[in-house]
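Biologist: I have a model open and would like to learn how to read it. Can we go feature by feature?

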Amino acid sequence: MKPYEDDCDLLVPWFLMACFAYYELGRPIMSDADFDHLVSLLAEHWETIDHPHKELINPEMFTVGSGFSLEYPTIVRYSTMDLVNETA
């Protein structure tokens, strides 16, 4: 089970981290299938999610399955870099 499957509010940071890792670092932290599943869950639970970074995500991103145009908060950047370095 993925960490975000138990707590829908975690879908937001995992989406942001996955996008940052892929688009900015060029080092994916999950498979395409896992990312697609995360996006599906995010779309399904969007109305009930309560997270301070939710406002950074446009729900239109769910239909294209991309977060290419996102702006990433510092905490997302550093958390993702730590995660990437742990798995290197």
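**Reading the features**

Modeller: We start with charge pairs. The count here comes to 1 salt bridge. Keep in mind that this is a predicted model.

Biologist: What is the general idea behind a salt bridge?

Modeller: Side chains of opposite charge can pair when their charged atoms come close. In this structure, Lys2 pairs with Asp34, and their closest N and O atoms are 3.6 Å apart. The cut-off is within 4 Å, so this pair counts.

Biologist: Which parts does the Lys2 and Asp34 pair tie together?

Modeller: Lys2 sits in the segment before α1, while Asp34 belongs to helix α2. The pair therefore links parts that are 32 residues apart in sequence.

Biologist: How is Lys2 classed by accessibility? And Asp34?

Modeller: Partly exposed runs between the 20% and 50% cut-offs. Lys2 has a relative accessibility of 32%, so Lys2 is partly exposed. Asp34 has 24%, so Asp34 is partly exposed too.

Biologist: Now pockets. What volume does the largest pocket have?

Modeller: Its volume is about 150 Å³. For a pocket, ask next which elements supply the lining. Here α1 (11-25) and α2 (32-45) are the elements that give two or more residues. The largest share, 4 residues, comes from α1.

Biologist: Which residues line the largest pocket?

Modeller: Among them are Ala18, Cys19, Tyr22, Tyr23, Phe35, Asp36 and Gly65. Pro28, Ile29, Met30, Ser31 and Asp32 also belong to the lining.

Biologist: How do the lining residues divide by chemistry?

Modeller: There are 8 nonpolar, 2 polar and 2 charged residues.

Biologist: Let me pick Gly65 from that lining. Where is its place in the chain?

Modeller: Gly65 is in the loop between α3 (61-64) and α4. Its relative accessible area is 26%, so Gly65 is partly exposed. Also compare sequence with space. Gly65 and Val39 are 26 residues apart in sequence, yet 6.6 Å apart from C-alpha to C-alpha.

Biologist: Last, the surface. Which residues make the nonpolar patch?

Modeller: Leu25, Tyr78 and Met81 make a nonpolar surface patch of about 260 Å². Take Tyr78 as the example. Tyr78 lies in helix α4, residues 74-87.

Biologist: Is Tyr78 buried or exposed?

Modeller: Exposed means over 50% relative accessible area. Tyr78 has 51%, so Tyr78 counts as exposed.

Definitions and conventions:
Residues are numbered from 1 along each chain as its sequence is written. This is a predicted model: local features need pLDDT of at least 70, side-chain atom pairs count only at pLDDT 80 or more; totals for chains, interfaces and linings use all residues. Side-chain values use heavy atoms; hydrogens and water are left out. Patches are made of residues with over 30% relative accessible area and no salt bridge: like charges are joined within 9 Å, nonpolar side chains (Val, Leu, Ile, Met, Phe, Trp, Tyr) within 5 Å. Accessible areas come from the Shrake-Rupley method with a 1.4 Å probe; for residues, only the protein chains shown count as cover. A salt bridge is a side-chain nitrogen of Lys or Arg within 4 Å of a carboxyl oxygen of Asp or Glu. Buried means under 20% relative accessible area, exposed over 50%, partly exposed in between (1.4 Å probe, protein chains only). On a 1 Å grid over the protein atoms alone, a cavity is a set of points where a 1.4 Å probe fits but cannot get out, and a pocket is an open set with protein on both sides within 12 Å along at least five of seven lines; lining residues have an atom within 4 Å of a point. Grid points are joined across faces, edges and corners, and a volume is the space filled by probe spheres set on the points. Ala, Val, Leu, Ile, Met, Phe, Trp, Tyr, Cys and Pro count as nonpolar, Asp, Glu, Lys and Arg as charged, and the others, Gly among them, as polar.
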